[in-house]
Amino acid sequence: MTDVSGGAPLLGEPLSIELANTTYAVRGHPREGLETPQHLGTWLQDVRLAITDVDAVELAAAVALRDAIRRLATATVDAEPLPRDAVDLVNRHAATPARWRELRAHPQPGTVARSAGGDVATALSEIAADAVDLFGGPRRHDLRACQGPGCVLYFIRSGRREWCSHGCGNRARAARHYARTRAT
Ligand SMILES: [Zn+2]
């Protein structure tokens with residue numbers, strides 16, 4: 001059986017953060033969640049952006065956008081200036097291709113998403129638009145890097161949550177407990 005998902009976690013975060021989190025860690029070991037075009041195809045389907053085949057060029061574009069978003073996230077949580085080349089790359093994706101919603105009259109009034117580009121390019125554009133709103137808006141103050149042991153994920157804080165997930169929270173509590181018992 002081949003792994004078509006890449007194993008990246010989905011945490012219900014904004015799209016740009018979900019893409020950032022496709023590089024993740026399992027027990028402290030780094031993992032690449034977008035190793036193959038199939039991984040990206042499955043991921044795009046999982047986040048309901050596109051159901052399509054992906055090629056190697058599109059995969060490289062997605063990974064480059066992912067890395068730019070991660071650098072913006074790092075700068076944001078460290079209260080550093082946003083790296084210029086990462087800003088430029090996100091803006092390039094946000095600008096193309098054109099996306100719009102069309103009014104549909106039949107069978108009943110509704111909207112349908114349309115775009116001038118390919119499915120993957122449009123999905124990356126959607127993610128970049130989310131990154132623009134996130135890093136340029138008030139939600140950036142709630143962006144956090146998970147404090148779980150060995151975890152490299154980002155999340156938007158709600159309440160006093162310090163971890164991306166229950167799993168990381170439990171591991172962090174266990175590690176603290178272990179440190180305390182060793183100290184006494
Ligand atoms: Zn975590």
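# Group meeting: a walk through one predicted chain

Read along the sequence, this protein chain goes α-β-β-α-α-α-β-β-α-β-β-α. That pattern holds six helices and six strands. Please keep in mind that we are looking at a predicted model.

Some overall figures first. The C-alpha trace spans about 70 × 45 × 35 Å along its principal axes. The chain has 184 residues, and 32% of them count as buried. Now take the contacts between residues at least 6 apart in sequence. Of these, 54% join residues at least 24 apart.

Let's go inside. How many residues does the largest nonpolar core have? The count is 39. The residues with the most contacts inside this core are Leu65, Ile69, Leu72, Val90, Ile127 and Ala131. Which elements each supply at least two residues of the core? They are helix 1, helix 2, helix 3, helix 4, helix 5 and strand 6, which is 154-156. Helix 5 gives the largest share, eight residues.

Pick out Val90 from that list. Set aside its neighbours within four places in sequence. Val90 is then in contact with Ala68, Ile69 and Leu72, and also with Ala128, Ala131 and Val132.

Next, helix 5 itself. It runs over residues 119-136, which makes 18 residues. From its first C-alpha to its last it reaches 26 Å. That is close to the 26 Å expected at 1.5 Å a residue. Here is a general point to carry along. An α-helix has 3.6 residues a turn, so residues three or four places apart point the same way.

Which residues of helix 5 are buried? Start with Val120, Thr122, Ala123, Leu124, Ser125 and Glu126. Then come Ile127, Ala128, Asp130, Ala131, Leu134 and Phe135. And what covers them? The cover includes helix 1 (15-20), helix 2, helix 3 and helix 4 (84-95). Strand 3 and strand 4 are part of the cover too.

On to those two strands. Strand 3 and strand 4 run antiparallel, and six bridges join them. One pairing to find on screen: Glu102 has Val112 in strand 4 as its bridge partner. The two strands are joined by a hairpin, through five residues. Strand 3 is hardly covered. It has six residues, and the count of buried ones is zero.

Stay at that turn for a moment. Pro107 lies in the loop between strand 3 (99-104) and strand 4 (110-115). What is the peptide bond from His106 to Pro107, cis or trans? It is cis, with omega near 0 degrees.

Now two arginines with an unusual entry in their backbone angles. Arg27 is not a glycine, yet it has a positive phi of about 50 degrees. Look for Arg27 in the loop between strand 1 (23-26) and strand 2 (29-32). Is Arg27 buried or exposed? It has 7 other C-beta atoms within 10 Å, so Arg27 is exposed.

Arg48 is the second one. It is not a glycine either, and its phi is positive at about 60 degrees. Arg48 is found in the loop between helix 2 (37-46) and helix 3 (56-77). Arg48 is exposed because 9 other C-beta atoms lie within 10 Å.

Move to Leu49. Leu49 is also placed in the loop between helix 2 and helix 3. Why does Leu49 count as buried? Because it has 21 C-beta neighbours inside 10 Å, and the cut-off for buried is 20 or more. Leaving aside neighbours within four places in sequence, Leu49 is in contact with Leu44, Ala123 and Glu126. Ala123 and Glu126 are among the buried residues of helix 5. Leu49 and Leu15 are 34 residues apart in sequence. In space, C-alpha to C-alpha, they are 9.4 Å apart.

Last stop, Leu143. Leu143 sits in strand 5, residues 143-145. It is buried, because 21 other C-beta atoms lie within 10 Å. Again, set aside the neighbours within four places in sequence. Leu143 is in contact with Ala73, Thr76, Val77, Tyr154 and Ile156. Compare Leu143 with Thr23: 120 residues apart in sequence, and 17 Å apart in space, C-alpha to C-alpha.

To close, go back to the core. It has 39 residues, and helix 5 supplies eight of them, the largest share.

How values were computed: Residues numbered from 1 in each chain as written. Predicted model: local features only at pLDDT ≥ 70, side-chain atom pairs only at ≥ 80, totals over all residues. Helix = DSSP H or I, 4+ residues; strand = E, 2+ residues; numbered from the N terminus. Buried ≥ 20, exposed ≤ 12 C-beta atoms within 10 Å, placed from the backbone. Pairing = 2+ DSSP bridges. Contact = placed C-beta atoms within 7 Å. Expected span 1.5 Å × (residues − 1). Core = buried A, V, L, I, M, F, W, Y, C linked by C-beta atoms within 7 Å.
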